[in-house]
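Visitor: I'm new to this structure and would like a close look at a single part. Could you show it to me, please?

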Amino acid sequence: LEAAATKNDFDLMNVIDWQKAEEFFKAGSGIRNLNGMSVIPLETAANEGILHFIPEPRNPHGVDVSPTGDYIVVSGKLDPNGNVYSAERIKKAIADQDYDGTDPFGVPILKLDSVLEAQVELGAGPLHSQFDDEGHAYTSLFVDTAIAKWTLGPKAGHEGEDAFKLVEKLPVQ
């Protein structure tokens, strides 16, 4: 199972416009009943701009949103980086239809360069991130047996050289 899960250089992170999905659902058209549940089919979600994908390097494990909602931090346990996506850049890429093709089911894939705000090298095996009220992220590193403390960017109060920077690794053994 693990070999199949790591065969690609990228996996795809789902981006769902829940407000658009809610509007579509309330309108009632295109909704299917599946075992007693109302669902928006995949093809419909792709065609209506409800669902988009973002390429995420090497087996992503944690997807965590900063307290302000401006940054989405994704860690892939086989990639030493914390990848920081900008909610603002994602919305712009969707509006501009800045796509890098579609997946086999027709879901548009946003261009990585258009939505990625920063990459911060954290260490071996980053998993999940938590945030403090001073603009720092704390990401668990399962191989390094540590917590990486690092700064978020301008929307979290860190500008210039202080933005998106590893501050320290805190051992946890």
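Visitor: Which residues of α4 are buried?

Guide: Happy to take you round. This is a predicted model, in which local features need pLDDT of at least 70 and side-chain atom pairs count only at pLDDT 80 or more, while totals for chains, interfaces and linings use all residues. Residues are numbered from 1 along each chain as its sequence is written, and side-chain values use heavy atoms, with hydrogens and water left out.

Now to your helix. The buried residues of α4 are Ala87, Ile90 and Ala93. Buried here means under 20% relative accessible area, exposed means over 50%, and partly exposed is in between, using a 1.4 Å probe and protein chains only. Those three cover an arc of only 125° around the axis, so they sit on the same side of α4; the arc is that of the directions from the helix axis to the C-beta atoms. Here's a handy bit of background: an α-helix has 3.6 residues a turn, so residues three or four places apart point the same way. Turn to the other side of α4 and you'll find Glu88, Lys91, Lys92 and Ala95, which are exposed.

As for where the helix runs, α4 spans residues 87-95. Helices (H or I, at least four residues) and strands (E, at least two) are DSSP runs, numbered from the N terminus. Helix α4 lies across β6 (71-76), β7 and β10, at about 60° to β7. For that angle, axes are lines fitted to C-alpha atoms, for helices over the stretch in contact, and angles run from 0 to 180 degrees between N-to-C directions.

And what covers the buried residues? The cover includes β1 (10-16), β4 (51-57), β6, β7, β9 (108-110) and α5 (112-115), with contact meaning heavy atoms within 4.5 Å.

The strands under discussion belong together, too. Four of them form an open antiparallel sheet in the order β5-β6-β7-β10. Its edge strands are β5 (60-65) and β10 (116-121), each pairing on one side only, and the twist averages 20° from one strand to the next. Two strands pair if DSSP finds at least two bridges between them; β7 (residues 81-86) and β10 have five, in the antiparallel sense. Along that pairing, glycine 82 stands opposite valine 120 in β10.

One last stop: just after α4, glutamine 97 takes a positive phi of about 50°.
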